[in-house]
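Visitor: I would like a close look at one helix and how it packs against its neighbours. Please take me through it step by step.

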Amino acid sequence: MKTTISSLSPPQLNVLVILRLLIGWHFLYEGAVKLYSSSWSAAGYLNDSQGLFAPMFKAIAANPGLMAAVDFLNTWGLIAVGLGLIVGFLTQAALIGGMILLGLYYLSHPPFISAQYALPSEGSYLWVNKNLIELFAMAVLYVFPTSHIIGLDRLMQRYGQQTKQSSPEEVAA
Amino acid sequence: MTPDNSNTHSSGITRRDIIKGMATVPVLGAFWASAAAKQSYDGSVKEEILNELNIKASLPPPTGSMAGTPLRVGIIGFGIRGEQLVRASGFATPEWLTRMQEAAQKNSNDTRLKDFLEQESLNIQYTGVCDLFDIRAEKALEAVKTDQNNPKRYRTYQEMLASPDIDAVIIATPDHWHAPMAIAAAQAGKHVYVEKCMTHKIQETYDLYDAVTQSDIVFQVGHQHRQTQSFLTAQDAIQKNVLGHVSLIQACTNRNSDNGAWQYNIHEAASPSTIDWQQFLGDAPNIPFNKEHFFRWRKWWAYGTGLSGDLLTHDYDRINCLLEMGIPKYVTASGGVYTHRDGREVPDVFQVTMEYPDYSTGSTQDQGKEKGMTFLYSASLGNQYSRPTLLMGHDATMELGNSLTIYADPRSTRYQTMLEEETVDPNVPLYAYSPGQKGVDGVTSATAKYFADKGLLYTYRDGKRVDSTYLHIREWLSCIRNGGQPSCGIKEGFEEAISAHMATLSYKTGQRVEWDAKTRRIVNVEDPMVAAT
């Protein structure tokens with residue numbers, strides 16, 4: 001989807017950038033906590049999985065080698081997405097990565113009608129939970145990109161244009 | 001921040017581009033500063049608690065090598081437990097293998113077959129099999145035969161023990177046969193692994209103790225929970241007086257199924273022609289052939305030891321391996337047959353209190369104020385609500401399972417300052433140890449506690465899920481091969497059996513049973529089981 005920068009009003013841009021920062025902060029801190037907690041593993045979380053995909057998540061948890069890889073990818077994935085969103089670097093890719101992670105969290109613990117989780121929840125959810133909402137908030141950021149205005153992607157874009165001096169083209173965000 | 005399209009078609013990087021491009025980078029600084037402050041706060045709290053507790057989380061030492069000539073083992077009794085023990089030592093029946101293969105195909109989470117196949121070989125050969133029921137004996141032969149080993153079926157345990165082809169025996173018979181067989185094995189110089197309860201009668205316990213201590217055999221009682229990974233960590237916590245004076249211990253059995261109440265299947269081929277009934281009876285009252293007594297022997301005192309010998313012993317031994325509190329001074333028991341009124345003699349709801357008036361795990365209060373402890377066991381075969389094992393001290397409570405969780409007591413003396421400063425919250429574990437986690441950690445979150453409670457974390461050794469029965473047999477075999485003392489030897493077995501028999505005596509007589517540690521005798525009640533024979 002192509003969205004031109006000029007289609008955003010100042011309040012729209014401000015709100016979207018703040019939303020990007022908030023989600024980035026959340027991802028970065030979730031990743032940092034896992035990185036600094038030597039005993040952290042997603043094994044318990046995955047073992048608590050329910051629903052259609054539970055067998056897959058439980059199989060991952062039962063395999064120590066695979067679990068180590070999942071823990072590594074999850075931790076560094078969260079950190080990379082968080083950094084990307086905060087500084088606005090490769091933001092569209094970071095958003096896709098973040099949505100994939102949130103999609104996996106949602107699918108491993110879907111709040112369907114008969115679901116009962118050992119993991120305590122701070123709220124009450126039916127079909128829709130905060131993972132799903134955050135996922136769609138990221139979808140909003142994906143279709144209304146801001147990093148070409150506020151973010152390192154802007155500099156990347158300018159740098160790209162500089163190296164292609166002879167062929168100025170309309171820029172699509 | 002304002003939308004900016006003025007530079008859309010320009011080619012140079014302007015100052016405006018740099019300002020807007022870098023506008024959100026300072027957020028990283030704010031993030032770093034607050035995350036570091038948070039980390040430092042959490043870290044200092046955690047460090048303060050861990051320094052105060054100083055618990056050393058450690059794993060049980062690995063047992064020795066299994067290399068060398070294969071040890072020649074005989075299995076006596078191939079019922080439910082016998083089959084499990086043989087399997088834990090590396091030999092499964094073809095029926096089990098087929099069943100597990102089907103189960104794994106149906107459910108990819110079912111790793112029982114995979115775990116079995118990946119288990120390290122214990123380098124043993126079952127050269128002999130002994131079971132009084134032809135079908136089970138045949139089944140055992142099928143399970144243990146290999147290309148290099150053609151096992152022999154022995155009709156009696158005496159013949160097996162007389163054979164030069166047997167180095168060691170595993171005894172998994174009804175309880176009333178444990179001691180006669182183990183004594184004969186010790187006298188024949190065969191190493192023994194015997195299931196709990198180690199003996200059926202009080203006098204047998206002394207006789208077996210003498211037979212084993214006067215021999216050179218390696219003797220192990222089948223309390224496989226001694227292999228639990230959290231055991232040494234729990235022991236260290238108690239030795240460092242983390243709990244303060246423990247005055248009450250609670251342990252429970254909670255089951256609610258016919259199988260859990262020993263109402264086992266009766267094999268269709270069971271008959272006087274396939275079962276050696278007279279040999280089964282042994283010293284039990286001579287009654288005509290009775291299938292139910294043969295397959296469901298745990299329900300009658302003549303063959304079994306009831307909840308005290310069957311399940312109390314597990315919990316007692318689990319605590320005894322932590323505290324080494326030994327045989328109680330007084331035992332009182334009560335109960336009845338309340339949910340399985342099927343003609344059984346042994347109770348299905350059972351309470352035991354074991355008193356240790358002189359025992360103490362340590363104290364943090366004025367000298368002499370605290371002394372004495374009660375071990376309280378409560379069992380129901382009519383409800384399976386999980387009641388945890390709790391060690392309740394003045395300063396903290398330890399919840400003991402596969403994982404280990406310690407909570408500070410709100411009125412603790414030792415943690416008083418930390419409680420006042422809110423460094424310690426009585427509702428959040430002061431210390432938690434889950435062997436399934438990647439490493440060893442101190443204070444954990446409520447979430448981790450949930451996972452530990454629900455048993456969602458596996459126990460691994462060397463990165464692999466392992467069966468504690470396998471570890472327990474391995475320990476026994478290692479002591480035979482490499483020397484050393486098994487964790488549940490004759491001393492521990494003696495304490496387990498006497499304590500359990502005191503509970504049974506109390507239940508049967510309605511009296512408080514007293515133990516004299518000096519003379520090592522029960523002083524006030526006769527053993528009705530001995531008196532009856």
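Guide: What follows is an account of helix 4 of chain A and its contacts, with a short comparison from chain B at the end.

This is a predicted model, in which local features need pLDDT of at least 70, side-chain atom pairs count only at pLDDT 80 or more, and totals for chains, interfaces and linings use all residues. Residues are numbered from 1 along each chain as its sequence is written, chains are lettered from A and ligands numbered from 1 in the order in which they are written, and side-chain values use heavy atoms, with hydrogens and water left out.

Chain A has 7 helices and 0 strands; helices (H or I, at least four residues) and strands (E, at least two) are DSSP runs, numbered from the N terminus. Its C-alpha atoms fill a box of roughly 60 × 35 × 25 Å along the principal axes.

Helix 4 of chain A covers residues 64–87, which is 24 residues. The expected span is 1.5 Å times one less than the number of residues. That gives 34 Å for helix 4 of chain A, and the end C-alpha atoms are 35 Å apart, so the two agree. At its start, a side-chain oxygen of Asn63(A) comes to within 3.1 Å of the backbone nitrogen of Gly65(A). After helix 4 of chain A comes Gly88(A), with a positive phi near 70 degrees.

Now the neighbours. The axes of helix 1 (residues 10–36) of chain A and helix 4 of chain A come within 7 Å and cross at roughly 150 degrees. Axes are lines fitted to C-alpha atoms, for helices over the stretch in contact, and angles run from 0 to 180 degrees between N-to-C directions. Helix 1 of chain A is therefore roughly antiparallel to helix 4 of chain A; angles under 35 degrees count as roughly parallel, over 145 as roughly antiparallel, 65 to 115 as roughly perpendicular and the rest as oblique. The crossing is left-handed, meaning that the near helix is turned anticlockwise from the far one by less than a right angle (clockwise would be right-handed). Contact means heavy atoms within 4.5 Å. Among the residues in contact are Leu21(A), Gly24(A) and Leu28(A) of helix 1 of chain A and Leu78(A), Gly82(A) and Leu85(A) of helix 4 of chain A. By class, this contact has 15 nonpolar, 5 polar and 3 charged residues. Here Ala, Val, Leu, Ile, Met, Phe, Trp, Tyr, Cys and Pro count as nonpolar, Asp, Glu, Lys and Arg as charged, and the others, Gly among them, as polar.

Helix 5 (residues 91–108) of chain A has its axis within 9 Å of that of helix 4 of chain A, and the two cross at roughly 140 degrees. That makes the pair oblique. This crossing is left-handed. The contact includes Gly77(A), Val81(A) and Gly84(A) of helix 4 of chain A and Ala94(A), Gly98(A) and Leu101(A) of helix 5 of chain A. Its residues divide into 7 nonpolar, 6 polar and no charged.

For comparison, in chain B, helix 13 (residues 306–323) and helix 17 (residues 490–509) pack at about 130 degrees with their axes 9 Å apart. They are therefore oblique to each other. Their crossing is right-handed. Among the residues in contact are Asp317(B) of helix 13 of chain B and Glu492(B) of helix 17 of chain B. This contact has 4 nonpolar, 6 polar and 4 charged residues.

Methods: A polar contact is a pair of N or O atoms within 3.5 Å; within protein, one must be able to donate a hydrogen and the other to accept it, and residues adjacent in sequence count only if both atoms are side-chain atoms.
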